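Here are some warm-up exercises on side-chain contacts. Have a go at each one before you read the solution.

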Amino acid sequence: SVEPKEGVAGRILNPELVLRLGVVIVNLPPLRNRKSDIALLCDHFIGKMNLKLGKNVTGLDDELKPAFNGHDWPGNVRELESAIEGAMNMIPENETVLRFQHFNATLLSVFLKGALARTDSDAKTPHFLNRPAEAERIAAALEAAGGNAAKAARSLKISPQLMNYKLKKFSLKKKITVHVE
């Protein structure tokens, strides 16, 4: 970044433009250096999205908080806001807490890499790394729906998009049944 005085001196910035803008310099460190702001920002963005989407989300799941604090957020506050907004669009109407499964696959892979990189042997394995019960529930719903993912999603009261994400996540295949008469 260029300081206004340096920009004017180096002929990068127009002096008249700098005067007209009434430059106020605010030094805002990157989000990775302000970890204590993450929880406050998450609450703010959740509240904002609740109003926009008509949801009633109360916050992040406790297992998600270490992943959020451990991530460097290279896109800073905009990346955090985008992650919250994406999850808020994926959370089913009857749920009020954002969990790992509500976030997009790219962010999940970042969280997963961060969790696997931790070498603390006393650290509890995050819940999202071990979900056989959820995979079994999805497989059972898919089987009961005859391989129809949309029907299975409705039976589980989740969106079709979330169902497709979970099918990929757990490497579950839609069963194709061919009836020959």
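What follows is a set of exercises on ring pairs and salt bridges in this predicted model.

**Exercise 1.** Classify the ring pair formed by F68 and W73.

*Solution.* Start with what to look at: a pair of aromatic rings is described by the distance of the centres and the angle of the planes. For F68 and W73, the centres are 5.2 Å apart, which is within the 6.5 Å cut-off. Next, the angle between the planes is 55°. Planes under 30 degrees apart would be stacked and over 60 edge-to-face, so 55° makes this pair tilted.

**Exercise 2.** Do the same for F68 and F103, then work out where the two residues sit.

*Solution.* The ring centres are 5.5 Å apart and the planes stand at 70°, so this pair is edge-to-face. Now place the partners: F68 belongs to helix α4 (residues 65–70), while F103 is in the loop between β2 (97–98) and α6 (105–117). They are 35 residues apart, and the pair links distant parts of the chain.

**Exercise 3.** How many aromatic pairs does a search of the whole structure find, and are F68 and W73 buried or exposed?

*Solution.* The search comes up with two aromatic pairs. Put together, ring pairs join F68, W73 and F103 into a cluster. For burial, the cut-off is under 20% relative accessible area. F68 has 1%, so it is buried. W73 has 0%, so W73 is buried too. F103 is also buried.

**Exercise 4.** Take the salt bridge between D37 and R34 and sort its two partners by accessibility.

*Solution.* The N to O distance is 2.9 Å. D37 has 23% relative accessibility and is therefore partly exposed. R34 has 14%, so it counts as buried.

**Exercise 5.** Which helices hold E81 and K48, and how far apart are the two in sequence?

*Solution.* First the contact: the side chains of E81 and K48 form a salt bridge at 2.6 Å, N to O. E81 is in helix α5 (residues 76–90) and K48 in helix α3 (residues 36–53), so the bridge ties together parts that are 33 residues apart in sequence. As for K48, its relative accessibility is 39%, so it is partly exposed.

**Exercise 6.** Examine the salt bridge of K65 and D62, then give the total count of salt bridges.

*Solution.* The N to O distance is 3.3 Å, inside the 4 Å limit. K65, at 38% relative accessible area, is partly exposed, whereas D62, at 59%, counts as exposed. The total comes to seven salt bridges.

Notes
Residues are numbered from 1 along each chain as its sequence is written. This is a predicted model: local features need pLDDT of at least 70, side-chain atom pairs count only at pLDDT 80 or more; totals for chains, interfaces and linings use all residues. Side-chain values use heavy atoms; hydrogens and water are left out. Rings of Phe, Tyr and Trp (its six-membered ring) pair if their centres lie within 6.5 Å; planes under 30 degrees apart count as stacked, over 60 as edge-to-face and the rest as tilted. Buried means under 20% relative accessible area, exposed over 50%, partly exposed in between (1.4 Å probe, protein chains only). Helices (H or I, at least four residues) and strands (E, at least two) are DSSP runs, numbered from the N terminus.
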